[in-house]
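The exercises below are meant to be worked with the sequence and the structure side by side. Each task is followed by a solution that goes step by step.

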Amino acid sequence: MALKLSLKPDERLVINGAVIANVDRRTTLIVHNKASILREKDILQEEDVNSPAKRIYFPIMLMYMDQGNTNKYYEEFVLRMTEFMSAISSPEAIENCVQISRDVMGKNYYKALMTCKKLIDFETSRIGDTGN
């Protein structure tokens, strides 16, 4: 099944490591085969990794975008997830952590990223925005 993406003017995305930039008007792309795709809004830059939940998100994002080197990022993911889970008591956040871990183990990295966004929202609601 093809994936249809609508891009806003000046929006960027990454497809299998290649940065694609839209120019001046709305564009629609159709991707006919399996590919690692992240929209600009879902890409976290290393300098923006400034909270525990973002430290979980970042290595998952790298596993998704660089699937030939997942072992390189997996250890960081496990360390950060272990730290996070030892510091929280919210049943919903713990459930999200378990789901993220299952998805990473099953190589469902995109799904893990989307669930990890819930952890970032949870963290933000508890300690506020840590962004710059």
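**Exercise 1. Work out how strand S2 is paired with strand S3, and describe the turn between them.**

Step 1. In this predicted model, strand S2 covers residues 12-15 and strand S3 covers residues 18-21, and the two run antiparallel, joined by 4 bridges.

Step 2. To fix the register, start from Ile-15, whose bridge partner in S3 is Ala-18.

Step 3. The two strands form a hairpin with 2 residues between them, and within that turn Asn-16 has a positive phi of about 50°.

**Exercise 2. Find the other partner of S2 and set out the order of strands in the sheet.**

Step 1. S2 is also joined to strand S5 (residues 37-39), by 3 bridges and in an antiparallel sense; here Val-14 has Leu-38 as its bridge partner in S5.

Step 2. Placing the strands side by side gives an open sheet of 3 strands in the order S3-S2-S5, with antiparallel pairing.

Step 3. S3 and S5 each have a single partner strand and stand at the edges, so one side of each is left without a neighbour in the sheet.

Step 4. On average, and with direction ignored, neighbouring strands of this sheet are turned by 25° against each other.

**Exercise 3. Locate the salt bridge of Glu-11 and state which parts of the chain it ties together.**

Step 1. The partner of Glu-11 is Arg-39, and the closest N and O atoms of the pair are 2.9 Å apart, which lies within the 4 Å cut-off for a salt bridge.

Step 2. Glu-11 belongs to the loop between strand S1 (3-7) and S2, whereas Arg-39 belongs to strand S5, so the pair ties together parts that are 28 residues apart in sequence.

Step 3. Over the model as a whole, the count by this rule comes to 6 salt bridges.

**Exercise 4. Describe the packing of helix H1 against helix H4, from the axes to the residues.**

Step 1. The axes of H1 (residues 52-65) and H4 (residues 109-127) come within 9 Å and cross at roughly 165°.

Step 2. Because angles over 145 degrees count as roughly antiparallel, that crossing makes H1 roughly antiparallel to H4.

Step 3. The crossing in which H1 passes H4 is left-handed.

Step 4. Among the residues that meet are Ile-56, Tyr-57, Ile-60 and Tyr-64 in H1, and Leu-113, Cys-116, Lys-117 and Ile-120 in H4.

Step 5. Sorted by class, this contact of H1 with H4 has 15 nonpolar, no polar and 3 charged residues.

Definitions and conventions:
Residues are numbered from 1 along each chain as its sequence is written. This is a predicted model: local features need pLDDT of at least 70, side-chain atom pairs count only at pLDDT 80 or more; totals for chains, interfaces and linings use all residues. Side-chain values use heavy atoms; hydrogens and water are left out. Two strands pair if DSSP finds at least two bridges between them. Axes are lines fitted to C-alpha atoms, for helices over the stretch in contact, and angles run from 0 to 180 degrees between N-to-C directions. Angles under 35 degrees count as roughly parallel, over 145 as roughly antiparallel, 65 to 115 as roughly perpendicular and the rest as oblique. A crossing is left-handed if the near helix is turned anticlockwise from the far one by less than a right angle, and right-handed if clockwise. Contact means heavy atoms within 4.5 Å. Ala, Val, Leu, Ile, Met, Phe, Trp, Tyr, Cys and Pro count as nonpolar, Asp, Glu, Lys and Arg as charged, and the others, Gly among them, as polar. A salt bridge is a side-chain nitrogen of Lys or Arg within 4 Å of a carboxyl oxygen of Asp or Glu.
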